[in-house]
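User: I am new to this structure. Please show me how to read it.

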Amino acid sequence: MDTMKGLKRTHYCGDVEKIGQEVTVGGFVQKIRDMGTLIFIDLRDRTGIVQLAFDTETEKAVFEKASSCHSEYVLMAKGVVRERESKNSAIKTGNIEIFVTDLRILAKAQTPPFEITDETNVNEELRLKYRYLDLRRKPLQDNIMLRSRIAKVTRDYFYDNGFVEIETPMMIKSTPEGARDYIVPSRIHQGKFYALPQSPQIYKQLLMVSGFDRYIQLARCFRDEDLRADRQPEFTQVDMEMSFADVEDIQEIVEGYISKLFKEVLDKDIPLPLPRLTYKEAMERYGSDKPDTRFGMEIQDISDLVKNCGFGVFTGAIEKGGSVRAIVAKNAADTFTRKEIDRLTEFVRGIGAKGLAYVRWSEDTPNCSFAKFMTEDELSAIYERLGLKKGDVMFVVADNNKTVLSTLGAVRLKAAKQLDIIPDRFNFLWVTEFPFFEYNEETGNWDAMHHPFTMPMDECLEYLDTAPEKVIAKAYDLVLNGTELSSGSIRITDYELQKRMFDALGLSDEEIEAKFGFLVDAYKYGAAPHGGCGIGLDRLAMIMCGADSLKDVTAFPKVQNASELMSDAPSRVDKAQLDELSIKIVEKN
């Protein structure tokens, strides 16, 4: 095997351009074309591909070495840049090539389990098992480098706006934050455990108490929860907190960040200020607290039109305090055949609805699933209000409001994807004025929708003890194309108010002291008013890359069962390690 002695890389492959210049490049062999007296090698690094050329003028030893190369060999090559005869407009260096005078084979490679190409049909499991090879592919390298660019612009922006980057602990006290903690046993304090942070929430609030009025961190966070396309058990968030700030101050800082980020990374202008919707408006119009506003198909209430009709499903829902609402999919009759509507009906039953009524207008007369229970005038009034025309399909759900809105929100998204009507653009949205509490039907208790340190609206304080459903939080989420990027709030800093919130959540004094005692104690020594948020860097990168999954922007991701296929983590540890921790594994039956 050759060494690098005497050679030093001068250029990346994708940056070679000046004809007549002597250059030295290094990389992996992408492709070889051996035509006897001519050999061409495509050499690849993270910047692109450059062609190495060998011909009858090449020194014999160098030519023979080139003929022995195979895909994925690691080479260094020195030579002179010259114009390429057969040009390739598909690559940045397609007009030039390097006539090689010195070639070193630094590492040979076995035939990889799959070809390293931009586009691949290789199944994901195999690619993740050999992730270090998968990461050689240009699409993934581009994603990872764009993510790196996002991190740099993030730090630059917040540094320029007076924020201080402070690292918070990775091993912390377990506190309730909505998901299960990953726990770490302590060898020294046997029987006790650290938790990996779901977020740096408490620590960043303590930093505000400490007088660091503007904090920023690209924080690693951990949640032991079921995975999906936009969720990983470990993730990074742009975590920030500000003192002496209200909701508008925090939103202004975040909007400045978004504007700078999209301009510098994607050269996209994001109009400011970003649109705002209250939680109530978002739910009633889109059926989601993270609505995708790139298309219409908004939910409309038709309860007043059907409250006296002869259809018991509709009237029964209204009498029980619920509603009847609908969405219209324009020009969808060809796509949503009766068979497709049946599939959609099964879908809504699977997410908790009792059924799906519909009108499909493909012929001269609309085909209405509930027509026999309605008069012509009642149906005409519905069609007129909703703007239903020939070629359209209307979907209707009747139930309690929570079920109606969430079901139609899911149908709206599913229909839009099936109709392929979602435009390729970036629609940001602030969702504000969240309910402070949400009722837990399993426990019969009121839980905090965000976290127990969120400040309620001043005018809602009187309802804390008597009507928790009326309490609105000073909370706000940043949404992009139907994905929640950020969740934040103004925090409670008054000890007495925090105690009232804990009481409203049903926490005893002993529980408060055990879980949050150090934070509550800190407030007794004076705390500036503050608030902040955490922006999901992974999700942001996924959308900016146009990727379908967080796995496409994470170097070494986990799969759905939270395992990492490449290293086979998690794995068992030996008995000696467990004995040191006084842990015994009990196998489940």
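Analyst: We start with the whole protein, then turn to helix packing and one serine. This is a predicted model: local features need pLDDT of at least 70, side-chain atom pairs count only at pLDDT 80 or more, and totals for chains, interfaces and linings use all residues. Residues are numbered from 1 along each chain as its sequence is written, and side-chain values use heavy atoms, with hydrogens and water left out.

User: How many helices and strands are there in the protein?

Analyst: Helices (H or I, at least four residues) and strands (E, at least two) are DSSP runs, numbered from the N terminus. The protein has 16 helices and 22 strands. Its C-alpha trace spans about 95 × 75 × 55 Å along the principal axes.

User: What percentage of the 589 residues count as buried?

Analyst: Buried means under 20% relative accessible area, exposed over 50%, and partly exposed in between (1.4 Å probe, protein chains only). Here 47% of the 589 residues count as buried.

User: How are two packed helices described?

Analyst: By the angle between their axes and the distance between the axes. Axes are lines fitted to C-alpha atoms, for helices over the stretch in contact, and angles run from 0 to 180 degrees between N-to-C directions. Angles under 35 degrees count as roughly parallel, over 145 as roughly antiparallel, 65 to 115 as roughly perpendicular and the rest as oblique. Take helix H13 (residues 495–504) and helix H14 (residues 509–523): their axes come within 11 Å and cross at roughly 160°. H13 is therefore roughly antiparallel to H14.

User: Are H5 and H14 roughly parallel or roughly antiparallel?

Analyst: Helix H5 (residues 201–209) packs on H14 at about 20°, with the axes 10 Å apart. So H5 and H14 are roughly parallel.

User: Which residues of H5 and H14 meet?

Analyst: Contact means heavy atoms within 4.5 Å. From H5 come Ile-202, Gln-205, Leu-206 and Val-209; from H14, Phe-516, Phe-518, Leu-519, Ala-522 and Tyr-523.

User: Now the serine. Where is Ser-186 found?

Analyst: Ser-186 lies in the loop between strand S7 (183–185) and strand S8 (193–195). Ser-186 is buried, with a relative accessible area of 7%.

User: What does the side chain of Ser-186 reach?

Analyst: The backbone nitrogen of His-189, at 2.9 Å. Leaving aside neighbours within four places in sequence, Ser-186 is in contact with Lys-192, Tyr-194 and Leu-581.

Terms used
A polar contact is a pair of N or O atoms within 3.5 Å; within protein, one must be able to donate a hydrogen and the other to accept it, and residues adjacent in sequence count only if both atoms are side-chain atoms.
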